[in-house]
Amino acid sequence: MGNSDFIFPKKIRFECINCGVCCGDTKEKNRRILMLSEETAEISVKTGIKISDFSNICLDKKPYLYEMNKKQNGKCFFLSSKNKCNIYSERPLICRFYPFELIDQSDGNHKFYYTDECPGINKGKTLNKKYFTGLFEQAKNRFQFYFMNINNRI
Ligand code: SF4
Ligand code: SF4
C-alpha cells in the first residue's frame, strides 16, 4: 500500500449482529474466504490444526495463497453452530474488514467501500475515522510486502 491516506464512507452505521452471512455461501454468492500464507500459519499454530485440513491452495488470487475450506452447509470451517468464529482473534484480514473493502484509487489514495449484503449495515453507531484507521493500519501491517486491494471477500 502506497499512500497513508484514505477515503471512507461518512455517516455509515454498522454493528455486527452475528448472522453468519459473511462466513459462507449464500443463495446469491459462492464465497471465497482467502488468506495469506502468514495467516494460515498463524491459525495452524493457534489451533493445532494442519493448514491442509482447513484450507486449500488457490493460485488465482495473489497474493492470497489459501482459501478456507467450507463445511457441507457452505459455511466456514471455523464457524460454530451458533454463528461464532472459533478463531476470532486469529481470523483473516478479509474477515476483519467485512463488510468493507479497500480499493486503490488511480491517484494513489485508497477508498473504503461497503456492501449492503451485510444486515449489520445501517445498524448501531455511526463509524468514525478511528474505526477505518484501525482497519487501514491492520492492512498496512499485513500487506507491507504486498501492494494490493483488500477486496476479494465482498
Ligand atoms: S454479515 Fe454483517 S452482521 Fe452478519 S456476521 Fe457478517 S459482519 Fe456480522
Ligand atoms: S474465519 Fe471466522 S470470521 Fe472468517 S469466515 Fe471463518 S468463521 Fe467467519
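Here are some short exercises on this predicted model, each with a worked solution.

Residues count from 1 along each chain as its sequence is written, while chains are lettered from A and ligands numbered from 1 in the order in which they are written. Because this is a prediction, local features need pLDDT of at least 70 and side-chain atom pairs count only at pLDDT 80 or more, while totals for chains, interfaces and linings use all residues.

**Exercise 1. Work out which residues surround ligand 1 and ligand 2, and sort each shell by class.**

Step 1: Fix the cut-off. A residue is near a molecule if its C-beta atom, placed from the backbone, lies within 6 Å of it.

Step 2: List the shells. Around ligand 1 you'll find C16, I17, N18, C19, G20, V21, C22, Y98, P99, C118, P119 and G120. Ligand 2 has C23, I33, C76, F78, L79, C85, I87, R91, P92 and C95 around it.

Step 3: Sort them. Ala, Val, Leu, Ile, Met, Phe, Trp, Tyr, Cys and Pro go down as nonpolar, Asp, Glu, Lys and Arg as charged, and the others, Gly among them, as polar. For ligand 1 that gives 9 nonpolar, 3 polar and no charged. For ligand 2 it's 9 nonpolar, no polar and 1 charged.

**Exercise 2. Take the sheet that holds β3, β4 and β5, and say why β3 and β4 each have a side without a neighbour.**

Step 1: Get the terms straight. Strands (E, at least two residues) and helices (H or I, at least four) are DSSP runs, numbered from the N terminus. Two strands pair if DSSP finds at least two bridges between them.

Step 2: Put the strands in order. The open sheet runs β3-β5-β4, with antiparallel pairing.

Step 3: Look at the edges. β3 (34-35) and β4 (55-57) each have a single partner strand, so one side of each is left without a neighbour in the sheet.

Step 4: Check a pairing. β4 and β5 (residues 66-68) share 3 bridges, and I57 has Y66 as its bridge partner in β5.

**Exercise 3. Do the same for the sheet with β1, β6 and β7: what is the order, and what is the pairing?**

Step 1: The order is β1-β7-β6, and the pairing is mixed.

Step 2: β1 (6-7) and β6 sit at the edges with a single partner strand each, so one side of each lacks a neighbour in the sheet.

Step 3: β1 pairs with β7 (residues 110-114) in the parallel sense over 2 bridges. In β7, H110 stands opposite F6.

**Exercise 4. Decide whether Y88 is buried or exposed.**

Step 1: Use the count of other C-beta atoms within 10 Å of the residue's own, with C-beta atoms placed from the backbone: 20 or more is buried, 12 or fewer is exposed, and in between is partly exposed.

Step 2: Find the residue. Y88 is in the loop between β5 and α3.

Step 3: Count. Y88 has 10 other C-beta atoms within 10 Å, so it's exposed.

**Exercise 5. Show how the buried and exposed residues of α4 are arranged.**

Step 1: Pick out the buried ones: L135, F136 and A139.

Step 2: Look down the helix axis. These buried residues fall within an arc of 100° (taken from the directions from the axis to the C-beta atoms), so they line one face of α4.

Step 3: Turn to the face away from the buried side. There you'll meet the exposed residues K130, T133, G134, E137, K140 and N141.
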